[in-house]
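Please open the structure in a viewer and keep the sequence panel visible. The tour below proceeds by selection, with a note at each stop on what is to be found there.

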Amino acid sequence: MLAVIRLRNLFAVVMLFGIYSFLAAALFVTLNAVDVAFTEAAVGAGIATFLMLSTLALTVRREKLRRKRSVIPLLVVTSIGATLVYGTFDMPYFSDPSAPLHGHVARHYIEFSTAEVGVPNLVTAVLTSYRGYDTLGEVTVIFTAGIGVLGLLGYRKRGGKP
Amino acid sequence: MRPPIQPHNLVLRIAAKMLIPPILMFALYVQFHGETGPGGGFQAGVIFAAAFILYALVFGIGLARAVATERLLRVLASLGMLLYITVGLASLFSGANFLDYDVLAQERMEGQHLGIFLTELSIGMTVAAVMIMIFFAFAERGVRP
Amino acid sequence: MSVLIGHYNYWIVIFLMMAGLYVVIAQGNLVKKIVGLNIFQASVFILFISMGKIEGGTAPIVKEGMSLYSNPLPHVLILTAIVVGVATTALALALVVRINEAYRSVEEDEIHEQDQSF
């Protein structure tokens, strides 16, 4: 992670990001989140890394050396981090079964989804049946991003007139 | 129009030829088995797009463009969104809430299954089409005139 | 001491978050900023998923013989968030490509200079 901050060769930075995404996907598998691991491996380590490599091919490969080093971002980041650590002292313990997160709605989904929806995969049942409206919004976002990229990088060649 | 077969390309071409059909089959498997195992629309769409991108990377953009034309991709993406909204409207016109799958068929369970199947299909189509569209937009930008 | 053992997942996530945030606000190269933003996003995903894990539970797929499932609700939210994140990244990278063509540079200070010299 610290290597990402210090490296100036952007290709290496993107590769490290791909490795980071893949490690996150492996972490999700050990945390019992198989659907999310699948999606993160395919999307994060696949599509995102690939898009960044395409951007690198169309722009520059190395980062310029900065002449002045200011210490303010480091102070800001450290203070935000310290505040967040102070805030986590009240949070429930890791993998605690009695956390309030697992209380009301999640228990209803787990207990009643076989009777109401009948699909074994709980994540699919919640995603498409109980919360289908949010998924419609998500598909709209993807569609809009596709249209946006098409409008920005249309069919014209590099540097040509429209 | 076909790029010439060069010796340093050979391993890549053969490996890609052997890999791409299983990848497409795997994408379809993940799409339709999203109910009984991990998977579903998003993962299937991304894997489908990955197969296409692999083909375009190894065999050149011209050939890949001939299969996935601009019009086809745009029609597929829009069709996916329309299908999703149509399923929602169908349940609206049958008397229930928007996107309530209970009223789509005779029985409640069948209605849910049908609704989930159509929804996942539309998600898969839109995600695959948009990912391939973005790839072609990025790739064709760098073609020197 | 139990505070340390019970909360270590939050602290790992906070470290990753701060690393990503530092890249976004301190580095000048636009592509690196986008990489930092994605690192930040992925760390937030890890936070949510680690909060949804239950000790002794299994993956949230209903099967005979399993009784305790992990909470499926964070999984659903993160699934949506991952895909929305990649859509945003694609748009941001397209913008970077256009900026590069217009300004001939992807460094933030050079772009500022060119903007202010009008």
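**Stop 1: Chain C by confidence**

Begin by colouring chain C by pLDDT: among its elements, helix α3 (residues 72-103) of chain C has the highest mean value, 86, and helix α4 (residues 108-116) of chain C the lowest, 76. This is a predicted model, with an ipTM of 0.83 and a pTM of 0.84. For chain C as a whole, the mean pLDDT is 80, and 86% of the residues reach 70 or more.

**Stop 2: The fold of chain C**

Retain chain C and switch to a cartoon representation. Four helices and zero strands are present, and the order along the sequence is α-α-α-α. Next, colour chain C by burial: 49% of its 118 residues count as buried. Of the contacts in chain C with a separation of 6 or more, 40% are between residues 24 or more positions apart.

**Stop 3: Where chain A meets chain C**

Now add chain A and select the residues in contact between the two chains. Chain A contributes 71 residues and chain C 66. On the side of chain A, at least two residues each come from α1 (2-6), α2 (10-30), α3 (34-58), α4 (72-87), α5 (104-116), α6 (122-130) and α7 (132-152) of chain A. Which element should be highlighted for the largest share of this side? Select α3(A), which supplies 14 residues. Coloured by class, the side of chain A that touches chain C shows 49 nonpolar, 14 polar and eight charged residues.

**Stop 4: Where chain B meets chain A**

Hide chain C and display chain B beside chain A. This contact takes 41 residues from chain B and 37 residues from chain A. On the side of chain B, the elements giving two or more residues are α2 (41-59), α4 (70-93) and α5 of chain B. Select α5(B) to see the largest share of that side, 18 residues. The residues on the side of chain B comprise 23 nonpolar, 13 polar and five charged.

**Stop 5: The largest nonpolar core**

Finally, restore all chains and select the largest nonpolar core, which has 117 residues. Those with the most contacts inside this core are Val46(B), Phe52(B), Val130(B), Met131(B), Ile132(B) and Met133(B). Helix α5 (residues 108-141) of chain B provides the largest share of the core, 15 residues. Centre the view on Phe52(B). Which residues does Phe52(B) touch, leaving aside those up to four places away in sequence? They are Ala64(B), Ala68(B) and Ile132(B).

How values were computed
Residues numbered from 1 in each chain as written. Chains lettered and ligands numbered in written order. Predicted model: local features only at pLDDT ≥ 70, side-chain atom pairs only at ≥ 80, totals over all residues. Buried ≥ 20, exposed ≤ 12 C-beta atoms within 10 Å, placed from the backbone. Contact = placed C-beta atoms within 7 Å. Core = buried A, V, L, I, M, F, W, Y, C linked by C-beta atoms within 7 Å. Nonpolar A, V, L, I, M, F, W, Y, C, P; charged D, E, K, R; others polar. pLDDT = per-residue confidence, 0-100.
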